[in-house]
Amino acid sequence: MNSHFYAWMARMKLIRRWSLQRNTRDENDQEHSLQVAMIAHGLAVLHAKRGGAPVDMEKLLLLAIYHEAPEVITGDLATPIKYFNPGIHEAYKSIEHMASEKLLSYLPEELQPDYAPYLLPDTSSDEWKLVKAADRLSAYLKCLEEEGSGNAEFAAAKASIEKSIDEMGVPEAKEFLALYAPSFLLPLDALN
C-alpha cells in the first residue's frame, strides 16, 4: 500500500501564515511548528522546575509538531475570520477535525492508532495546554519580530495575543515572555 501521509505533511511548508497582514518576512506552518515545539519544550522545563505535575515530553513535542497538520487540507484561516463569531469558529473546528481524520486515513490502518493521539488530541491534557500556550507565544514573538523590523501592521495582533496569553492561565507562558521575549527586539550584534 502506498501512503500519502508524509507527502501531505511536507506541504506544511506551503501553508503561509498571517495572510491578511503585510509581513517583512513570510512564515509558514512548518517553521512555525518547529518554533512551537521548541517553545513548548521550554514551557515544560519551566513547568517542571516550578514543581508542576510531570509532563510527557514525547507527547508534548509530537503534539506541537502536528498541531497545524489539518491546515495542509484546510489552509490557514486568518484569526479575524476564524473568531469573527462563535458559529464560524465552531464550523472551522469541525472542518479541522474532519481534515485530521482524513490525514489519519492516509496512514496504513495498523499505524493509525500511533498517530491518532497527535492528530486528534485530547485537548484537556496538560501537554495540549502547554502546546496551545506555545502556539500563542510563537504568534506573539512573530509580532515582536515584525515590530522590530519597523512594521506597525502587527501592533493590534500583538495586543490581542498578549491578552489571550494572560487569559490562558499558564504561569509558565508569562515567565517565558519575561525571560525570553525582550531579546526578540534586539539586533544580532546585541545578542552576543
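This is a short selection-by-selection tour of a predicted model.

**Stop 1: helix α2**

Select residues 29–49, which form helix α2. Put a distance between the C-alpha atoms at its two ends: 30 Å. The helix has 21 residues, and at 1.5 Å a residue the expected span is also 30 Å, so the two values agree.

Now go to the N-terminal end of α2. Which residue caps it? Show Asn28: one of its side-chain oxygens sits 2.9 Å from the backbone nitrogen of Gln30, and this caps the helix. At the other end, pick Gly51, which follows α2. The phi of Gly51 is positive, near 85°.

**Stop 2: Glu31**

Stay in α2 and select Glu31. Its relative accessible area is 28%, so Glu31 is partly exposed. Setting aside neighbours within four places in sequence, Glu31 is in contact with Arg25 and Asp26. Show the Arg25 side chain: a polar contact of 2.7 Å joins it to the side chain of Glu31. Then add Ile65, 34 residues away along the chain from Glu31. The C-alpha atoms of these two are separated by 9.7 Å.

**Stop 3: the loop between α1 and α2**

Move to the loop that runs between α1 (5–10) and α2, and select Trp18. What is the sign of phi at Trp18? Phi is positive, about 60°, although Trp18 is not a glycine. Most residues other than glycine have a negative phi. Is Trp18 buried or exposed? Its relative accessibility is 13%, so Trp18 counts as buried.

Next select Glu27, which lies in the loop between α1 and α2. Glu27 has 7% relative accessibility and therefore counts as buried. Show both side chains: Glu27 and Trp18 make a polar contact at 3.0 Å. Widen the selection around Glu27. Leaving out residues up to four places away in sequence, Glu27 touches Ile15, Arg16, Arg17, Trp18, His32, Gln35, Ser138 and Lys142.

**Stop 4: helix α8**

Two of those contacts of Glu27, Ser138 and Lys142, lead on to helix α8, residues 126–148. Repeat the end-to-end check. The 23 residues of α8 should span 33 Å at 1.5 Å a residue; the end C-alpha atoms are 33 Å apart, so the helix agrees with expectation. Then pick Gly150, which follows α8 and has a positive phi near 85°.

**Stop 5: where α3 meets α7**

Select helix α3 (residues 57–66) and helix α7 (residues 112–119). Two packed helices are described by the angle between their axes and the distance between the axes. At what angle do the axes of α3 and α7 cross? They cross at roughly 75° and come within 8 Å. Angles from 65 to 115 degrees count as roughly perpendicular, and α3 and α7 are therefore roughly perpendicular to each other.

Show the side chains at the contact. From α3, display Lys59, Leu62, Leu63 and Tyr66; from α7, display Tyr115, Pro117, Tyr118 and Leu119. These residues divide into seven nonpolar, no polar and one charged.

**Stop 6: Leu103**

Finish in helix α6, residues 86–105, and select Leu103. Its relative accessibility is 0%, so Leu103 counts as buried. What does Leu103 touch, not counting residues up to four places away in sequence? Display Phe5, Trp8, Met9, Ala69, Pro70, Val72, Ile73 and Leu119. Leu119 was also shown at the contact of α3 with α7. Last, take Ile73, which is 30 residues from Leu103 along the chain. Their C-alpha atoms are separated by 8.5 Å.

Definitions and conventions:
Residues are numbered from 1 along each chain as its sequence is written. This is a predicted model: local features need pLDDT of at least 70, side-chain atom pairs count only at pLDDT 80 or more; totals for chains, interfaces and linings use all residues. Side-chain values use heavy atoms; hydrogens and water are left out. Helices (H or I, at least four residues) and strands (E, at least two) are DSSP runs, numbered from the N terminus. Buried means under 20% relative accessible area, exposed over 50%, partly exposed in between (1.4 Å probe, protein chains only). Contact means heavy atoms within 4.5 Å. Axes are lines fitted to C-alpha atoms, for helices over the stretch in contact, and angles run from 0 to 180 degrees between N-to-C directions. Angles under 35 degrees count as roughly parallel, over 145 as roughly antiparallel, 65 to 115 as roughly perpendicular and the rest as oblique. Ala, Val, Leu, Ile, Met, Phe, Trp, Tyr, Cys and Pro count as nonpolar, Asp, Glu, Lys and Arg as charged, and the others, Gly among them, as polar. The expected span of a helix is 1.5 Å times one less than its number of residues. A polar contact is a pair of N or O atoms within 3.5 Å; within protein, one must be able to donate a hydrogen and the other to accept it, and residues adjacent in sequence count only if both atoms are side-chain atoms.
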